[in-house]
Amino acid sequence: MSQSTPHIVMPTPTVHARPMEDGATRRVSRDEWDRLTSVTIGGAPVHLTDERAARVMIARASHESARRPLAVCSINLDHVHHFGHAEDDFGPDAPVRWLNLIDGAPIAKQVQRMTTRSYPRLAGSDIIQGVLTDASASGLAVAVVGGSAEVTEALRGRLAEAYPGVRFAGHWTPPREALSSRDECLRLCGELRTAQADIVLVCLGKPRQERWIAQYGPDTGARVLLAFGAVVDFLAGRVSRAPGWVSRAGAEWMWRLMLEPRRLARRYLIEGPPAYRAVRASGNRPQ
């Protein structure tokens with residue numbers, strides 16, 4: 001497994017999101033997590049929240065050591081395909097607490113149909129700037145697992161420039177075979193623990209990243225684990241987001257398919273339609 005040098009020198013920043021005002025995390029009561037409202041869509045639990053509330057919960061969890069780690073993932077058609085009935089991984093008895101954010105137009109529209117309210121889409125690439133801004137304001141250590149070793153230096157530079165309070169705890173790029181080995185995964189967790197990462201970006205792609213977090217998240221010693229897929233490439237400037245008008249039209253999947261047809265054709269054209277039907281068949285009320 002490759003890893004970058006764990007510490008960096010950080011120049012003047014260019015920050016793109018405002019940090020939470022002083023005391024924001026303290027104003028959230030300790031049982032805020034238990035009061036989260038959710039709906040079940042396509043068999044997958046989805047929390048009804050906005051970016052500010054999600055950031056507050058992530059910021060608070062990043063300072064807690066007595067509770068189970070907080071894991072954050074994006075609920076889209078691909079998630080429904082892989083985890084529509086994965087209660088062991090995402091239920092209340094899982095080894096991590098899952099914050100399941102709305103991602104993708106079909107999920108957002110179904111939430112609106114079921115609740116008669118509109119909730120924002122919170123893809124990892126949408127929320128990561130705010131999360132890192134909060135981490136920078138608190139001087140937290142952030143590590144990245146996944147992506148290519150080729151982006152390590154670009155990633156290091158981006159974090160140093162835009163989020164100067166963040167300590168870059170390292171970048172690990174385990175090969176696929178290593179992720180299938182319990183011994184190798186536990187060794188990686190030991191390195192993350194030694195690096196004292198408060199937040200770990202797990203960018204291994206669905207369903208691998210969520211399964212890895214569900215199995216090994218507590219062993220990393222991190223307080224927050226973000227299953228944010230291609231965010232490592234967005235942060236490093238290797239991949240660009242779709243234009244705003246494409247996202248607003250709910251056509252970002254078409255944009256991504258056009259850019260990476262070989263990798264994404266099966267996901268969107270074969271696995272996507274049955275997942276979409278499962279989403280539209282959902283009908284329970286908020287819990």
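## Working through the cores and helices

Leaving aside neighbours within four places in sequence, Trp 212 is in contact (heavy atoms within 4.5 Å) with Leu 179, Cys 185, Leu 188, Cys 189, Leu 192, Val 202, Leu 204, Gly 217 and Thr 220. Before you dig in: this is a predicted model, where local features need pLDDT of at least 70, side-chain atom pairs count only at pLDDT 80 or more, and totals for chains, interfaces and linings use all residues. Residues are numbered from 1 along each chain as its sequence is written, and side-chain values use heavy atoms, with hydrogens and water left out.

**Exercise 1.** Find the largest nonpolar core and say which helix gives the most to it.

*Solution.* Start with the term: a nonpolar core is a set of buried Ala, Val, Leu, Ile, Met, Phe, Trp, Tyr and Cys residues joined through side-chain atoms within 4.5 Å. Buried means under 20% relative accessible area, exposed over 50%, and partly exposed in between (1.4 Å probe, protein chains only). The largest core has 42 residues, and Val 111, Val 200, Trp 212 and Ile 213 have the most contacts inside it. Helix 8 (residues 182–195) gives the most to this core, with 5 residues. Apart from it lies another core, of 35 residues, including Met 57, Leu 70, Val 72 and Val 224.

**Exercise 2.** List the buried residues of helix 4, then look just past its end.

*Solution.* Helices (H or I, at least four residues) and strands (E, at least two) are DSSP runs, numbered from the N terminus. Helix 4 covers residues 105–115, and its buried residues are Ala 105, Ile 107, Ala 108, Gln 110, Val 111, Met 114 and Thr 115. Step just after the helix and you hit Thr 116, with a positive phi of about 60°.

**Exercise 3.** Is Ser 136 buried or exposed, and what is it in contact with?

*Solution.* First place it: Ser 136 is found in helix 5 (residues 124–138). Its relative accessibility is 16%, so Ser 136 counts as buried. Now skip the neighbours within four places in sequence, and Ser 136 is in contact with Tyr 163, Pro 164, Gly 165 and Val 166.

**Exercise 4.** Count the disulfides, then check Cys 73 and Cys 203 for burial.

*Solution.* Take a disulfide as a pair of cysteine sulfur atoms within 2.5 Å. By this rule the count is 0. Cys 73 counts as buried because its relative accessibility is 0%. Cys 203 is at 7%, so Cys 203 counts as buried too.
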